Amino acid sequence: MSPAVRLCITGASGFLGRHVVAEALKRGHEVWAVVRPAAGLSHVNWLEDPAVHIVRADLRRPEGLAEAISGCDAVLHLAAAVGGELYTQLAGTVVGTENLLKAMQSAGIRRLIAVSSFSVYGYIGKWSHSTLSETSPLETRLDERDDYCLTKVLQERLVREVSGREGWALTVVRPGVIYGRDHLWTACLGAELGERTWIRIGAWAKVPLTYVENCADAILLCAEREEAIGETFNIVDDRCPSHRGYIRLLRRRISPRPRVIPVSWTLMRLVCRCAWISNQLFFDGEGKLPSVLVPARMHARCKPLRYTNKRLRKTLGWSPRYSLEEALDRSTRDMELPA
Amino acid sequence: MVETGIEPATLRAAVIGAGPISAEHLRFLKHSPAAHLVAVCDISESLARFGATRYGADNSYTNHEAMLEREQLDVVHVLTPAHTHCKIAADCLKAGTHVIVEKPIAPTNEEFRMLAAMAQWQKRVLTEDHNYRFNEQIRAIEALRDAGSLGEVREVDVRMALNITDADTGLADRNVPNPCGTLPAGILHDLLPHLCYLALRFLPSADEFAVKWSKHSEHPSFTYDACDALLIGGGVHARLRFVSHEWPDCFTVIVRGSKGTVETDLYQPYMKLLVPRRGGKQLTPLVNQWVNGIGLAKSSVTGFLNKVRRRTPLEGIQTFLVETYKALRTGAPVPVSYEDMDRTTRLMDALLAEENQI
């Protein structure tokens, strides 16, 4: 791909999206930033950049989408529903992707960088402390996982199916936990009790962190490099801190410091197991329990595993721009960020 | 058929529209011995495939006309956005299937009558989902009325509060305006039939009206976001209120009779019954308080268990479908009759009629 191209970026006003747009502009690309019709853009810094074209469209509606993205060389598909009920997420993530792919067909765009997620992997069958990589099996027990996992798996299947059928150049990226300003807490650590108390599940398990600017850099690299075509990349930074280590770093930077209640992973697994058995005995396995009491979800959040970015480093020569400490400083100090 | 011991045939069913409400219909179709789920149809191939895979349909379609042509169907559930109901239901009737339509079946009584005439011409059953009628609490209130425990019904209050205008999803989605906004009462047209058919269960006729439609929010998708209506008919006074800017959400039904009053909330199920008790006039208020206090405590446990068991206020759909399929298989009248649908659509027309506005 030539140094400066026309990129269509969906989900452009989202947490990751606005950094991806900023990174694309920094690299000299022209950007068609797809944002929802009612999305506020006061929080983005690139609004006045002449290389940005704002496309007001909701991917759940196919009308006019093809015309809006026509002329782009590649699509970076970040848009997805991150919350809401199952059908809200199906519409936002799966139907939205279906409409986007149809628009790409109509507009003759043949390059797609699809942003998936670590949530598509199966966790309960993995050995503790084993390494999660791009070749790890994807989740098959979708009924036991949350709606986000289900819809991201369906989304990834869909982009692979259509790209394969149409002979498009596809790259799938699966970021770990993306963190940055205003997004420092992750459910992988445990649970939040109000604003001042954190329940930390496990101590030594690693958190698969990727700082949002590092992640945006990796995604742009995938869009720019021919070697990325046909590949799937996990995106995590070099240093994945432990639950205890990350919370310690966070507490140093947050005021007032939240109170931490530690719960051991072994105890949590036992509680989960008891809840699962009770569910089978009393509700035929159909009972609705909080995520922390559903084994498949609990393992996906807190299981002690190792993570690697070896493939991304080896294939594209990527290395994270900011270290963990630098990234936390950028996230918590009063400094202007590109997005 | 039942008398001769012959099991009625399993009905070949399909669903058009694979959005949120389809989950309730598909759950029934997956588990019911009365139905075989042939196909799921939606303009989104992903949604159609998802519904078909999860609920075990034989096929999925993105075009309902193609589905009706290719599949031999006995029953079709029309679960698409409300403004499409008439056209799709008519296509199904023309194809010779019975049709179950989500509410509102039609934007006006006139359009309903045209659809009903088509169903009669085709000798097929057309019915509308009046799901809350089939919730346990409404059934219990009807049983009390039928047993004479409330005496003569004199008043009915039906009030729905859904704090939706502040939300950015579902009916109030600002990014993709809900297509129900094109109906005569706007988005409220999708919700008010619930209030109408429940009130009509206790109202012999609706002869006099006073209606006020209001808009309190700035939400661009809403023509109105509140409605107050007073209806009088056959000596019964009914009050309907829908409001979208109050919290908590509720769906209360209160029926007052000459001998007693009963109250429920379909969203937080409980029953409060004030009737003469043993102990005479002096002790009746006290006994009512004790009995209802115990009932409320039991409801809190039931509410928790319902949450764990995933039982929602939409549970009435299952009963509605069980009874409708039973009727379709045996040739008995369906539980939601032409008269029920006719009265509901006429009441919706009356609520919108210029001469009834305050």
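In this predicted model, six strands of chain B form an open sheet with parallel pairing, in the order β3-β2-β1-β4-β5-β6. Strands β3 (59-61) and β6 (126-128) of chain B each have a single partner strand and stand at the edges, so one side of each is left without a neighbour in the sheet. On average, neighbouring strands of this sheet are turned by 25° against each other, direction ignored.

At one of these edges, strand β5 (residues 98-101) of chain B runs parallel to β6(B), to which 3 bridges join it. Within this pair, B:Val101 stands opposite B:Glu128 in β6(B). Helix α9 (residues 316-330) of chain B packs on the sheet, where it touches β1 (11-16), β2 (35-41), β4 (75-78), β5 and β6 of chain B. The direction of helix α9 makes about 165° with that of β5(B).

Chain B also contains antiparallel pairings, in which strand β9 (residues 226-233) is joined both to strand β8 (residues 208-214) and to strand β10 (residues 236-243). Strands pair through backbone hydrogen bonds, either parallel or antiparallel. The strand pairs described here are set out below.

| Strand pair (chain B) | Bridges | Direction |
|---|---|---|
| β5 and β6 | 3 bridges | parallel |
| β8 and β9 | 7 bridges | antiparallel |
| β9 and β10 | 8 bridges | antiparallel |

Individual residues mark the register of the antiparallel pairs. B:Lys212 has B:Asp228 in β9(B) as its bridge partner, and B:Leu230 has B:Arg239 in β10(B). The hairpin of β9(B) and β10(B) has 2 residues between the strands, and in this hairpin B:Gly234 takes a positive phi near 60°.

How values were computed: Residues are numbered from 1 along each chain as its sequence is written. Chains are lettered from A and ligands numbered from 1 in the order in which they are written. This is a predicted model: local features need pLDDT of at least 70, side-chain atom pairs count only at pLDDT 80 or more; totals for chains, interfaces and linings use all residues. Side-chain values use heavy atoms; hydrogens and water are left out. Two strands pair if DSSP finds at least two bridges between them. Helices (H or I, at least four residues) and strands (E, at least two) are DSSP runs, numbered from the N terminus. Axes are lines fitted to C-alpha atoms, for helices over the stretch in contact, and angles run from 0 to 180 degrees between N-to-C directions. Contact means heavy atoms within 4.5 Å.
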